[in-house]
Amino acid sequence: MTKAQSEALGEHWNKFEIPLQGIINPKELFPSLKPKEVVFEIGSGMGEATSQIAANNPDTGYVAVEVHRPGIGALIIRAENLGVRNLKIINADIYEVLTRHIEDQSIDAFHIFFPDPWPKRKQHKRRLLQPGFIEILAKKLKPNGRVNIATDWYPYAQEIEKNFALSKDFSGGVIERPTWRPLTKFESKGINKEHVVTDFEYRKKA
Ligand SMILES: C[S@@+](CC[C@H](N)C(=O)[O-])C[C@H]1O[C@@H](n2cnc3c(N)ncnc32)[C@H](O)[C@@H]1O
């Protein structure tokens, strides 16, 4: 963790933190804002996309869920620089968050940008977007809720498409790159290595 990230956490964490206790009601997370939607981002990394999307959509509430604390420090620096007030952060594993702390049918949308691809065959079982997790996403979304995904690892894109096709809860598939999704350093590096980026949007059936 850099000094700046550690200082940002020390100074501002209490403004952004959602403590992981009891049941979290997404509707109650932004009492003064009364957002039209609450979007959960899974794995916000260094927060480049998260902070820009939140700054560009001040009437939507965003909840970033990330296990990596230095990344949270980086996200807080970016959010503070942009004056973002519609963002909360949970420093925990998304499985724990969703399975123990979030009511069913309470989230409007999930953003999952560049989930770890785990490229080696032996590691595939660690990938996030497996059928069991897709079922959890469906349970936690409101009817018509959305999942937006981007990956620059083509074999993972194929697996994502296959796994969502197996789900009876979702419709959708590959989409054009959404104009609202900012181009991050992470993505640019992939593009420079000639990785093809695939975007998906799935909608929970009503
Ligand atoms: C490859 S990075 C992508 C980060 C960011 N979305 C981006 O586009 O730059 C994947 C991120 O997901 C986080 N992550 C992986 N598994 C997670 C989990 N189970 N719960 C929360 N975050 C997770 C990692 O710590 C990492 O920051």
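Two strands are taken to pair if DSSP finds at least two bridges between them, and helices (H or I, at least four residues) and strands (E, at least two) are DSSP runs, numbered from the N terminus. The model on screen is predicted, so local features need pLDDT of at least 70 and side-chain atom pairs count only at pLDDT 80 or more, whereas totals for chains, interfaces and linings use all residues. Residues are numbered from 1 along each chain as its sequence is written.

**Strand S7 and its partners**

Select residues 198-204, which form strand S7, and then add strand S5 (residues 141-151), which pairs with S7 in the antiparallel sense over 6 bridges. In this pairing, arginine 203 of S7 is the bridge partner of arginine 146. Next add strand S6 (residues 170-175), which is also antiparallel to S7, with 6 bridges; here glycine 172 stands opposite tyrosine 202 of S7.

Now show the side chains of S7. In a regular strand the side chains alternate between the two faces of the sheet. Thr198, Phe200, Tyr202 and Lys204 point to one face and are buried, while Asp199, Glu201 and Arg203 point to the other and are not. A residue counts as buried if 20 or more other C-beta atoms lie within 10 Å of its own, as exposed if 12 or fewer do, and as partly exposed in between, with C-beta atoms placed from the backbone.

Keep glutamate 201 selected: it is partly exposed, because 17 other C-beta atoms lie within 10 Å. Leaving aside residues up to four places away in sequence, glutamate 201 touches Arg146, Asn148, Gly172 and Ile175, where contact means C-beta atoms, placed from the backbone, within 7 Å.

**Helix H3 and the core**

Move to the largest nonpolar core, which has 51 residues, and pick out Val65, Leu75, Ile76, Leu87 and Phe110, those with the most contacts inside it. Such a core is a set of buried Ala, Val, Leu, Ile, Met, Phe, Trp, Tyr and Cys residues joined through C-beta atoms within 7 Å. Helix H3 (residues 69-82) gives the most to this core, with 6 residues.

Within H3, the buried residues include Leu75, Ile76 and Ile77, and the buried residues of the helix pack against helix H1 (3-16), helix H2 (48-56), strand S2 (60-65) and strand S3 (87-90). A distance between the end C-alpha atoms of H3 should read 20 Å, which agrees with the 20 Å expected for its 14 residues at 1.5 Å a residue, the expected span being 1.5 Å times one less than the number of residues. Just after H3, glycine 83 takes a positive phi of about 70°.

From the core, select phenylalanine 110, which touches Phe40, Ile42, Leu137 and Val147, not counting residues up to four places away in sequence.

**Around the ligand**

Display the ligand and the 19 residues around it, of which Gly43, Gly45, Ile94, Phe114 and Phe186 come nearest; a residue is near a molecule if its C-beta atom, placed from the backbone, lies within 6 Å of it. The shell divides into 10 nonpolar, 6 polar and 3 charged residues.

Centre on phenylalanine 114, in the loop between strand S4 (107-113) and helix H5 (131-140). Phenylalanine 114 has a positive phi of about 55° although it is not a glycine, and it is partly exposed, because 19 other C-beta atoms lie within 10 Å.

**A last loop**

Finish at glutamate 194, in the loop between helix H7 (185-192) and S7. Its phi is near 65°, a positive value in a residue other than glycine, and glutamate 194 is exposed, because 7 other C-beta atoms lie within 10 Å.

Note on methods. Nonpolar A, V, L, I, M, F, W, Y, C, P; charged D, E, K, R; others polar. Contact = placed C-beta atoms within 7 Å.
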